[in-house]
Amino acid sequence: MADALRTSILDITTGSTQTVYDLTGDCEAFLRDEAPDRDGLLNIFVPHATAGVAILETGAGSDDDLIALLRDLLPADNRWHHRHGTPGHGRDHVLPALVAPHATLPVLAGRLALGTWQSVCLVDTNVDNPRRQVRLSFLG
């Protein structure tokens, strides 16, 4: 049972703009190395107070639509009580209530059991912190 849990930390640079960063390839590489041909669960966790994990289609505009929606729902203005950093930064601290900082996905025979157009994505609206960590943990 000692090797039932395998963990790795990804260091991701998201840059200075709000972004949806596709982690699917990183998750697949982790599973190839740590869980070949195994069934189980992959947990993706972002240990940050201003980022989340989403499962969505990328490359067809949905990632841009998500950022646009978050701009509408969480405007970068002075309404927020949390006020350090860039103006409107308080909204970044509300983001994880809408886009959870974790996801748990099924793994079958060492591969993510995603739908045809689904991708695993880091959602980061915090332009003050371009460096993120993502913890991948396989249980199986």
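**Entry 1: Asp-39 and its surroundings**

I started at Asp-39, which touches Val-107, Leu-108, Ala-109, Phe-138 and Gly-140, leaving aside residues up to four places away in sequence. A note to self before going on: this is a predicted model. I placed Asp-39 in the loop between H1 and S3. I then looked up the spacing to one of those contacts. The C-alpha atoms of Asp-39 and Ala-109 are 5.3 Å apart, although 70 residues separate the two along the chain. Is Asp-39 buried or exposed? Neither, quite: the relative accessible area of Asp-39 is 49%, so I put it down as partly exposed, given that exposed here starts over 50%.

**Entry 2: positive phi angles**

Next I went through backbone angles. Ala-109 has a positive phi, about 50°, and it is not a glycine. I found Ala-109 in the loop between S5 and S6. Ala-109 is partly exposed as well, with a relative accessible area of 44%.

Asp-37 also turned up, with a positive phi of about 65° despite not being a glycine. Where does Asp-37 sit? I found Asp-37 in the loop between H1 and S3, which is also where I had placed Asp-39. Asp-37 is exposed, at a relative accessible area of 68%.

**Entry 3: the five-stranded sheet**

With S3, S5 and S6 already in my notes, I traced their sheet. It is open, has five strands in the order S1-S8-S3-S5-S6, and pairs antiparallel. Which strands stand at the edges? They are S1 (5–13) and S6, and each has a single partner strand, so one side of each lacks a neighbour in the sheet.

Inside the sheet I checked S3 (residues 40–45) against S5 (residues 102–108), and these two are joined antiparallel over six bridges. As a register mark I wrote down Leu-42, which stands opposite Leu-105 in S5.

**Entry 4: S7 and its partners**

Then I moved to S7 (residues 119–124). How many of its six residues are buried? Six of the six are, so S7 is largely enclosed by the rest of the structure. I sorted the side chains by direction. Ser-119, Cys-121 and Val-123 point one way, Val-120, Leu-122 and Asp-124 point the other way, and all are buried. That fits the general rule that side chains in a regular strand alternate between the two faces of the sheet.

I looked up two partners of S7. S2 (residues 19–22) pairs with S7 in the antiparallel sense over four bridges, and Val-20 stands opposite Val-123 there. S4 (residues 51–56) is joined to S7 by six bridges, again antiparallel, with Ala-51 opposite Asp-124. S4 is mostly covered too, since five of its six residues are buried.

**Entry 5: H3**

I asked what H3 (residues 90–98) packs against. The buried residues of H3 are Gly-90, Arg-91, Asp-92, Leu-95 and Pro-96. They pack against S4, helix H2 (62–73) and S7. I noted that Arg-91 and Asp-92 are among the buried ones.

**Entry 6: H1, two sides**

Back to H1. Which of its residues are buried? My list reads Thr-24, Cys-27, Phe-30 and Leu-31. Looking down the axis of H1, I found these buried residues within an arc of 125°, so they line one face of the helix. The background is that an α-helix has 3.6 residues a turn, so residues three or four places apart point the same way. On the other side of H1, I marked Arg-32 and Asp-33 as exposed.

**Entry 7: the largest pocket**

Last, I looked at pockets. How much space lies in the largest pocket? About 150 Å³. I listed its lining as Glu-28, Leu-31, Arg-32, Gly-110, Arg-111, Leu-112 and Leu-114. Two elements give two or more residues each to that lining: helix H1 (24–34) and strand S6 (111–112). H1 supplies the largest share, three residues. By type, the lining divides into three nonpolar, one polar and three charged residues.

Two of the lining residues were already in my H1 entry. Leu-31 lines the pocket and is one of the buried residues of H1. Arg-32 lines the pocket too, but I had it down as exposed, on the other side of H1. S6, also part of the lining, is one of the edge strands from Entry 3.

Conventions: Residues are numbered from 1 along each chain as its sequence is written. This is a predicted model: local features need pLDDT of at least 70, side-chain atom pairs count only at pLDDT 80 or more; totals for chains, interfaces and linings use all residues. Side-chain values use heavy atoms; hydrogens and water are left out. On a 1 Å grid over the protein atoms alone, a cavity is a set of points where a 1.4 Å probe fits but cannot get out, and a pocket is an open set with protein on both sides within 12 Å along at least five of seven lines; lining residues have an atom within 4 Å of a point. Grid points are joined across faces, edges and corners, and a volume is the space filled by probe spheres set on the points. Ala, Val, Leu, Ile, Met, Phe, Trp, Tyr, Cys and Pro count as nonpolar, Asp, Glu, Lys and Arg as charged, and the others, Gly among them, as polar. Buried means under 20% relative accessible area, exposed over 50%, partly exposed in between (1.4 Å probe, protein chains only). The arc is that of the directions from the helix axis to the C-beta atoms. Two strands pair if DSSP finds at least two bridges between them. Contact means heavy atoms within 4.5 Å.
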